[in-house]
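Here are some short exercises to work through with the structure open beside you. Try each task before you read its solution.

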Amino acid sequence: MKPLYLPLLLLLAACDDGGGAQADPGPTADAAIVADAGVEEDAAPVVDAAPVVDAAEPDAAAPAPLPALIGPAAAEDEDPDPKVVAVTLTAGRHANTISDRVEVDGYAYNGQSPGPVIQARLGDEVVIRFRNDLDQPTTVHWHGLRISDDMDGSPRIQAPVQPGETFEYRFTPPEAGTYWYHPHVRANEQVELGLYGMLIVHEPEPPAFDAERVLILDDILLQGDRVAAFMATFPERMHGRSGNTLLTNGVAVPPTGQAREGQVERWRLVNTANARTMSLSLEGAKFRVIGTDGGLLRDPYETRRLLMAVGQRYDLEVTYDRPGTVELVSHVLVLEGEDVVERPFVVQTIDVAATGEAPHTVTLPEVRPIQRGRTNENAILVFDAVQDPVEGVMWRINGQSHPHDPIFTFQQGDYVRMILDNRAGPEHPFHLHGQFFEILPDGRPETEQPGLKDTVLVPGLSRVTIFARMDNPGQWMAHCHILEHAELGFMSEIVVEPVDGLSPPAPPAVP
Ligand code: C2O
Ligand code: CU
């Protein structure tokens, strides 16, 4: 049987369900379970600890101020203790304003979608007083934070918060970086309806950018002014739900911002779409990638295109080296007649006022190199799909949909080479909770993603190798971040057993 190999489509023109528009030959049905088999030994790189930002000189007095934040409203810190950030977060129904003309009946945190930007400094304790005002259970997952598993929002550990009930999340993020939060119950619906937000953990001495701009990139599938029915079409089950409207910070029309020639900003990007991989370019300014899922990079790099799977983050340094208009462009595959063509959609514009000033240089903190050692464990994860009489398709990981038992058990400190073997046509952004990993580059854009990651794009019918150091003990979800795939079986768990004498990840001691 010929496997499916349809690219992800953005059906921008029409809102019809598109059911049957493509002749789907159906998923590959040949089951294959491969576990720990035939992996040759080599001295491949493995991830040691996350990069540690060297603490700056101790300054007993007030910490350096945080750069101005441009983006969704930030959460208010309700705790006067400078080492504690306490935030009330309430999930509830909300009419989300997408544009002048469209207001959709959706969900929001604290009455805003995206939810409030939660900001902490490395070393701060974060307390989230969560309340569920939805009419269904939910949890909050802190995507990318390597905290303890009982605070991770995993419904395998935490009983979901029932309507009208509360839960207090409490954690101390061990690394600075750009993270996000979202529900982990019926995530395909709750995220699409508006439950997602950014969480920033600032470096001890944040680099002196003129501003930090939060860009939460998403799409939504609208039918008129309603969110289209969920899982209603075969393409949605097969490829995940592709929206017909791109959103930036919750808004459809490309938002416009202001800046001045000579300024340098840090842009924090996250892709919160249910399924859409974004291919981005930035026109009209100089930029380079300075950070990713695991925080700042030791070696920032320049690129023309930024490939961003759902769940991933990028930090960019954007230098306004000339006046005029800056555009962040999302290059989208669109079906035009019989042809799939790439079309540019502007998702953010910045008007840069002329000043005649040359850009200044922002000094970035020194980041330690990623420590590499020897692999002591190997794992093969096979992704495929089978036809299902009820759901149409069920996704599988190592031959099982929603495996109940952990698919792997490692010891804390294990260096694990994982081969992610995608035997189906659609791509899978694989996400591992609780740990970071490195992607082994092999010349494809999906794997040319330096730094520490928690999400990696595995293209259709191909393999990607990652190296993870399992240094955070606990029960960790390992799943596809295409939320429909996760709901339809691509959801598993990995256990990391604690080892006496090893401590879980913790922030570096800051004097
Ligand atoms: Cu952002 Cu388990 O996910
Ligand atoms: Cu998937």
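**Exercise 1. Decide whether Ser492 is buried or exposed, then find what surrounds it.**

Solution. Start with the relative accessible area: for Ser492 in this predicted model the value is 0%. Buried means under 20%, so Ser492 is buried. Next, place the residue: Ser492 belongs to strand 32, which covers residues 491-497. Finally, look for its partners, leaving out residues up to four places away in sequence: Ser492 touches Arg156, Ile397, Pro403, Ile407, Trp476, Met477, Ala478 and His479.

**Exercise 2. Find the protein donors of the copper ion (ligand 2) and describe their spacing in sequence.**

Solution. Begin at the metal. Its protein donors are ND1 of His428, SG of Cys480 and ND1 of His485, at 2.0 to 2.1 Å from the ion. Along the sequence, these donor residues follow the pattern H-x51-C-x4-H. Now add the strands: His428 is in strand 27 (residues 428-432) and Cys480 in strand 31 (residues 474-480), so this pair ties together parts that are 52 residues apart in sequence. Last, check accessibility. His428 is buried, at 0%, and Cys480 also counts as buried, with 0% relative accessibility.

**Exercise 3. Classify the ring pair Tyr109 and Tyr181, then the pair Trp142 and Tyr169.**

Solution. A pair of aromatic rings is described by the distance of the centres and the angle of the planes. The model has nine aromatic pairs. For Tyr109 and Tyr181 the centres are 5.3 Å apart and the planes meet at 55°, so this pair is tilted. Tyr109 sits in strand 3 (residues 103-109) and Tyr181 in strand 8 (residues 177-182), 72 residues apart. Tyr109 is buried at 0%, and Tyr181 is buried at 0% too.

Turn to Trp142 and Tyr169: 5.5 Å between centres and 75° between planes make an edge-to-face pair. Trp142 is in strand 6 (residues 141-143) and Tyr169 in strand 7 (residues 166-171), so the pair ties together parts 27 residues apart in sequence. Trp142 is buried at 0%, as is Tyr169. To finish, put the pairs in context: Tyr109, Trp142, Tyr169 and Tyr181 are among the members of one aromatic cluster, which also includes Phe130, Phe167 and Phe171.

**Exercise 4. Find where pLDDT stays under 50.**

Solution. First take the overall picture: the mean pLDDT is 89, and 88% of the residues reach 70 or more. Then look for the weak stretches. pLDDT stays under 50 over residues 1-50 and over residues 55-59. Where pLDDT is low, the predicted coordinates should not be read in detail.

Methods:
Residues numbered from 1 in each chain as written. Chains lettered and ligands numbered in written order. Predicted model: local features only at pLDDT ≥ 70, side-chain atom pairs only at ≥ 80, totals over all residues. Heavy atoms only, no water. pLDDT = per-residue confidence, 0-100. Contact = heavy atoms within 4.5 Å. Donors = N, O, S within 2.8 Å, 3.2 Å for Na, K, Ca; no water. Helix = DSSP H or I, 4+ residues; strand = E, 2+ residues; numbered from the N terminus. Buried < 20%, exposed > 50% of the residue type's maximum accessible area, 1.4 Å probe, protein only. Phe/Tyr/Trp six-rings, centres within 6.5 Å; stacked < 30°, edge-to-face > 60°.
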